[in-house]
Amino acid sequence: MKLVIGLDGQSSGEKALEFAKKMASSMESCELIVVYVIEWSPFSFQTAEENAQRHKRREEEISIAMERVLNPAVATLTDAGLKASAIVHHGDVADTIDNIAHKEGASQIIVARSSAGGFSTRIFGSSTANLVMNARVPVTVVS
């Protein structure tokens, strides 16, 4: 079984991580895929120079997300004896998480809800509705 965990870089993501860790620990075989989505729209008109700068900025954002959010999350899971990997993508939060889950053959998506902003601000609203209603696998929202 594969589970996708959507993290937001906020403390609320720890709730989703803990939930997934407990769930995976109770299974005979489970792979955890920790995902961080950097919101980005491909729909903007820029010069070639702006596009080059944008590409560099995107690479830096990915590096920072891996270092600050995903690598520590994967370490937490692997230290608990679980199989875990990480993916960072730019895009629409709900669509990107769903696409990753589908591509990876995940059985479930786990995200957290929080009143502190971050992922919940981005995801709860039209993005959450889209994820919950349109995801191709079940979505668990942890509070």
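Angles between elements run from 0 to 180 degrees between N-to-C directions, with axes fitted to C-alpha atoms. The exercises below concern a predicted model.

**Exercise 1. Determine how the strands are arranged in the sheet, and which strands stand at its edges.**

Solution.
1. The sheet is open and consists of five strands, in the order S3-S2-S1-S4-S5. The pairing is parallel.
2. Strand S3 (83-91) and S5 each have a single partner strand, so one side of each is left without a neighbour in the sheet. These two strands therefore stand at the edges.
3. From one strand to the next, the twist averages 25 degrees.
4. One pairing may be examined in detail: six bridges join strand S1 (residues 2-7) to strand S2 (residues 31-39) in the parallel sense. Within S1 (residues 2-7), Val4 stands opposite Ile33 in S2.

**Exercise 2. State which strands helix H2 lies across, and at what angle it runs to S3.**

Solution.
1. Helix H2 comprises residues 48-79 and lies across S1, S2 and S3.
2. Relative to S3, helix H2 runs at about 155 degrees.

**Exercise 3. Identify the elements that supply the largest nonpolar core, and the one that gives the most.**

Solution.
1. The largest nonpolar core has 24 residues. Ile5, Leu7, Leu32, Val34 and Leu77 have the most contacts inside it.
2. At least two residues of this core come from each of S1, helix H1 (12-25), S2, H2, S3 and S4.
3. The greatest contribution is that of H2, with six residues.
4. Ile5 illustrates the packing: among the residues it touches are Ala16, Leu17, Leu32, Val34, Leu77 and Ile110.
5. A second core, separate from this one, has 16 residues, including Val35, Val93, Ala94 and Leu131.

**Exercise 4. Decide whether Gln108 and Val137 are buried or exposed, and describe their surroundings.**

Solution.
1. Gln108 is found in strand S4 (residues 108-112), whereas Val137 lies in the loop between helix H5 (126-134) and strand S5 (139-142).
2. The cut-off for a buried residue is under 20% relative accessible area. Gln108 has a relative accessible area of 12% and is therefore buried. Val137 also counts as buried, because its relative accessibility is 15%.
3. Gln108 and Val137 touch each other. Other contacts of Gln108 include Lys2, Val4, Met23 and Thr140, while those of Val137 include Ala101, Ala106 and Ile109.
4. Val137 and Ala101 are 36 residues apart in sequence, yet their C-alpha atoms are 7.6 Å apart in space.

Methods. Residues numbered from 1 in each chain as written. Predicted model: local features only at pLDDT ≥ 70, side-chain atom pairs only at ≥ 80, totals over all residues. Heavy atoms only, no water. Helix = DSSP H or I, 4+ residues; strand = E, 2+ residues; numbered from the N terminus. Buried < 20%, exposed > 50% of the residue type's maximum accessible area, 1.4 Å probe, protein only. Contact = heavy atoms within 4.5 Å. Pairing = 2+ DSSP bridges. Core = buried A, V, L, I, M, F, W, Y, C linked by side-chain atoms within 4.5 Å. Lists of a residue's contacts leave out its neighbours within four places in sequence.
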